[in-house]
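Student: Please walk me through some features of a model, starting with pockets and moving on to single residues and their partners.

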Amino acid sequence: TVLHIGCGTSALSIQLSEAHPALHFLHADFSTLSLEQMRLRHPTLSWVGMDARALPFGDGRLASVVEKGTMDAMLRSGEDDWLVMAREVLRVLQPGGTFLQVTDEAPELRLPLLEFLAPHWQVSFSVVDSEGVEEGLCYESFLYTCRKM
(Lines give C-alpha, C1' and ligand atoms only; values in the text may rest on other atoms or scores of the structure.)
Protein backbone atom coordinates (compact mmCIF):
# COMPACT_ATOMS: atom_id res chain seq x y z
CA THR A 1 0.00 0.00 0.00
CA VAL A 2 1.14 3.49 -0.89
CA LEU A 3 -0.36 6.20 1.30
CA HIS A 4 -1.08 9.54 -0.37
CA ILE A 5 -1.60 12.00 2.50
CA GLY A 6 -3.34 15.33 2.04
CA CYS A 7 -4.75 14.29 -1.33
CA GLY A 8 -7.56 16.86 -1.38
CA THR A 9 -9.06 17.08 -4.86
CA SER A 10 -5.70 17.04 -6.61
CA ALA A 11 -5.28 15.31 -9.95
CA LEU A 12 -2.17 13.66 -8.50
CA SER A 13 -4.33 10.93 -6.95
CA ILE A 14 -5.67 9.89 -10.33
CA GLN A 15 -2.30 10.27 -12.05
CA LEU A 16 -0.59 8.04 -9.48
CA SER A 17 -3.29 5.37 -9.63
CA GLU A 18 -3.34 5.32 -13.43
CA ALA A 19 0.45 5.38 -13.83
CA HIS A 20 0.94 2.50 -11.37
CA PRO A 21 -2.08 0.18 -11.64
CA ALA A 22 -0.27 -2.71 -9.92
CA LEU A 23 0.07 -0.67 -6.72
CA HIS A 24 -2.69 -0.06 -4.19
CA PHE A 25 -2.95 3.65 -3.36
CA LEU A 26 -4.79 4.82 -0.29
CA HIS A 27 -5.70 8.48 -0.89
CA ALA A 28 -6.20 10.24 2.43
CA ASP A 29 -7.28 13.67 3.62
CA PHE A 30 -8.88 15.20 6.70
CA SER A 31 -11.43 17.11 4.58
CA THR A 32 -14.61 15.07 4.31
CA LEU A 33 -15.92 17.43 1.61
CA SER A 34 -12.87 16.80 -0.61
CA LEU A 35 -13.13 13.07 -0.08
CA GLU A 36 -16.86 13.04 -0.92
CA GLN A 37 -16.15 14.88 -4.18
CA MET A 38 -13.38 12.47 -5.12
CA ARG A 39 -15.46 9.40 -4.26
CA LEU A 40 -18.15 10.64 -6.63
CA ARG A 41 -15.67 11.40 -9.42
CA HIS A 42 -13.51 8.29 -8.99
CA PRO A 43 -15.46 5.58 -7.14
CA THR A 44 -13.01 2.79 -7.98
CA LEU A 45 -10.14 4.41 -6.05
CA SER A 46 -9.60 4.14 -2.29
CA TRP A 47 -10.44 7.33 -0.36
CA VAL A 48 -10.17 7.59 3.42
CA GLY A 49 -10.36 10.31 6.04
CA MET A 50 -7.33 10.66 8.26
CA ASP A 51 -5.09 13.21 9.90
CA ALA A 52 -1.48 13.14 8.66
CA ARG A 53 -0.38 14.04 12.19
CA ALA A 54 -1.88 10.82 13.65
CA LEU A 55 -1.60 8.04 11.09
CA PRO A 56 -3.66 4.94 11.99
CA PHE A 57 -0.99 2.41 11.03
CA GLY A 58 1.39 0.35 13.09
CA ASP A 59 5.11 1.02 13.14
CA GLY A 60 6.88 0.05 9.91
CA ARG A 61 3.68 -0.95 8.07
CA LEU A 62 4.01 1.09 4.86
CA ALA A 63 6.49 0.93 1.99
CA SER A 64 5.78 4.43 0.67
CA VAL A 65 4.09 7.69 1.56
CA VAL A 66 3.48 10.52 -0.93
CA GLU A 67 2.41 14.09 -0.35
CA LYS A 68 2.06 17.18 -2.52
CA GLY A 69 1.60 20.48 -0.75
CA THR A 70 0.57 19.04 2.61
CA MET A 71 3.80 19.95 4.36
CA ASP A 72 3.67 23.37 2.67
CA ALA A 73 0.26 24.03 4.21
CA MET A 74 1.40 22.80 7.62
CA LEU A 75 4.49 25.01 7.53
CA ARG A 76 2.32 28.06 6.95
CA SER A 77 0.22 27.32 10.04
CA GLY A 78 3.02 28.55 12.29
CA GLU A 79 2.82 25.40 14.40
CA ASP A 80 5.05 22.33 14.45
CA ASP A 81 2.42 20.30 12.58
CA TRP A 82 4.92 19.59 9.78
CA LEU A 83 7.30 17.98 12.26
CA VAL A 84 4.52 15.91 13.83
CA MET A 85 3.55 14.72 10.32
CA ALA A 86 7.18 13.95 9.37
CA ARG A 87 7.68 11.93 12.55
CA GLU A 88 4.44 10.03 11.92
CA VAL A 89 5.53 9.22 8.36
CA LEU A 90 8.90 8.07 9.64
CA ARG A 91 7.16 5.88 12.24
CA VAL A 92 4.86 4.09 9.76
CA LEU A 93 7.50 3.56 7.06
CA GLN A 94 9.24 0.22 6.98
CA PRO A 95 13.07 0.23 6.83
CA GLY A 96 14.06 1.25 3.32
CA GLY A 97 10.63 2.83 2.83
CA THR A 98 10.26 6.09 0.93
CA PHE A 99 8.57 9.39 1.68
CA LEU A 100 8.09 11.43 -1.50
CA GLN A 101 7.22 15.13 -1.43
CA VAL A 102 6.27 17.34 -4.37
CA THR A 103 6.56 21.06 -3.68
CA ASP A 104 7.65 24.39 -5.12
CA GLU A 105 9.77 25.03 -2.03
CA ALA A 106 13.44 25.43 -2.95
CA PRO A 107 16.08 23.10 -1.51
CA GLU A 108 17.70 25.81 0.62
CA LEU A 109 14.40 26.06 2.54
CA ARG A 110 13.13 22.46 2.53
CA LEU A 111 16.31 20.43 2.99
CA PRO A 112 17.17 21.80 6.47
CA LEU A 113 13.70 20.79 7.67
CA LEU A 114 13.87 17.28 6.25
CA GLU A 115 17.47 16.81 7.37
CA PHE A 116 16.36 17.57 10.93
CA LEU A 117 15.40 13.87 11.01
CA ALA A 118 18.50 12.90 8.99
CA PRO A 119 19.78 10.25 11.39
CA HIS A 120 16.62 8.33 10.54
CA TRP A 121 16.39 8.93 6.79
CA GLN A 122 18.49 9.91 3.81
CA VAL A 123 17.24 12.93 1.87
CA SER A 124 17.74 13.79 -1.79
CA PHE A 125 15.92 15.99 -4.30
CA SER A 126 15.48 16.60 -7.99
CA VAL A 127 13.87 19.27 -10.14
CA VAL A 128 10.57 17.98 -11.49
CA ASP A 129 9.39 20.81 -13.72
CA SER A 130 11.33 23.93 -14.62
CA GLU A 131 10.06 24.57 -18.15
CA GLY A 132 8.75 28.13 -18.36
CA VAL A 133 10.26 29.27 -15.04
CA GLU A 134 12.60 31.83 -16.60
CA GLU A 135 9.71 33.28 -18.58
CA GLY A 136 7.66 33.58 -15.40
CA LEU A 137 5.05 31.14 -16.70
CA CYS A 138 5.24 28.69 -13.79
CA TYR A 139 7.01 27.84 -10.57
CA GLU A 140 9.84 25.40 -10.37
CA SER A 141 8.78 22.13 -8.73
CA PHE A 142 10.91 19.76 -6.69
CA LEU A 143 10.67 16.12 -5.70
CA TYR A 144 12.19 15.34 -2.31
CA THR A 145 12.90 11.72 -1.52
CA CYS A 146 13.38 10.63 2.09
CA ARG A 147 14.46 7.00 2.43
CA LYS A 148 14.14 5.50 5.89
CA MET A 149 17.37 4.03 7.19
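**Reading pockets and charged pairs**

Tutor: Let's start with chemistry: the lining of the largest pocket is made up of five nonpolar, three polar and five charged residues. Here Ala, Val, Leu, Ile, Met, Phe, Trp, Tyr, Cys and Pro count as nonpolar, Asp, Glu, Lys and Arg as charged, and the others, Gly among them, as polar. Do keep in mind that this is a predicted model, where local features need pLDDT of at least 70 and side-chain atom pairs pLDDT 80 or more, while totals for chains, interfaces and linings use all residues. Residues are numbered from 1 along each chain as its sequence is written, and side-chain values use heavy atoms, without hydrogens or water.

Student: How much space lies in the largest pocket?

Tutor: A word on the term first: on a 1 Å grid over the protein atoms alone, a pocket is an open set of points with protein on both sides within 12 Å along at least five of seven lines, a cavity is a set where a 1.4 Å probe fits but cannot get out, and lining residues have an atom within 4 Å of a point. Points are joined across faces, edges and corners, and the volume is the space filled by probe spheres set on them. In this model the largest pocket holds about 230 Å³. It has 13 lining residues, and those closest to its centre are Gly6, Phe30, Thr70, Ala73 and Met74.

Student: Which helix gives the largest share of that lining?

Tutor: Helix H3, residues 70-75, does, with three residues. Helices (H or I, at least four residues) and strands (E, at least two) are DSSP runs, numbered from the N terminus.

Student: Which residues line the second largest pocket?

Tutor: Its space is about 190 Å³. Around it sit Val2, Leu12, Leu16, His20, Leu23, Phe25, Ser64, Val66, Thr98, Leu100, Val102 and Leu143. Helix H1 (12-19), strand S4 (62-68) and strand S5 (93-103) are the elements that each give two or more of these residues, and S5 gives the most, with three. By class, this lining has nine nonpolar and three polar residues, and no charged ones.

Student: Now for the charged pairs. How many salt bridges does a search of the whole structure find?

Tutor: Six. The test is a side-chain nitrogen of Lys or Arg within 4 Å of a carboxyl oxygen of Asp or Glu. One of them joins Asp72 and Arg110, with the closest N and O atoms 2.3 Å apart. This pair links distant parts of the chain, since Asp72 is in helix H3 and Arg110 in helix H5, 38 residues apart.

Student: Is Arg110 buried or exposed?

Tutor: Arg110 counts as buried because its relative accessibility is 0%; the scale is buried under 20% relative accessible area, exposed over 50% and partly exposed in between, with a 1.4 Å probe and protein chains only. Its partner Asp72 is buried too, at 10%. Contact means heavy atoms within 4.5 Å, and beyond its neighbours within four places in sequence, Arg110 has contacts that include Glu67, Met71, Asp72, Gln101 and Tyr144. As for its place, Arg110 belongs to helix H5, which spans residues 107-114.

Student: How far apart are the closest N and O atoms in the salt bridge of Glu88 with Arg91?

Tutor: They are 2.9 Å apart. Both residues lie in helix H4 (residues 81-92), three residues apart, about one turn of the helix. Glu88 is buried because its relative accessible area is 14%, whereas Arg91, at 25%, is partly exposed. Elsewhere, salt bridges that share partners join Asp51, Arg53 and Asp81 into one network. Within that network, Asp51 and Arg53 have their closest N and O atoms 2.7 Å apart; Asp51 is partly exposed at 28%, and so is Arg53, at 36%.

Student: What is Leu26 in contact with, leaving aside its neighbours within four places in sequence?

Tutor: Its contacts are Thr1, Val2, Leu3, His4, Ser46, Val48, Met50 and Phe57. Leu26 lies in strand S2 (residues 25-29) and is buried, with a relative accessible area of 15%. Thr1 is 25 residues away in sequence, yet the C-alpha atoms of Leu26 and Thr1 are 6.8 Å apart in space.

Student: Where does Pro119 lie?

Tutor: Pro119 sits in the loop between H5 and strand S6 (121-129). It counts as exposed because its relative accessibility is 67%. Its C-alpha atom is 11 Å from that of Arg147, which is 28 residues away along the chain.
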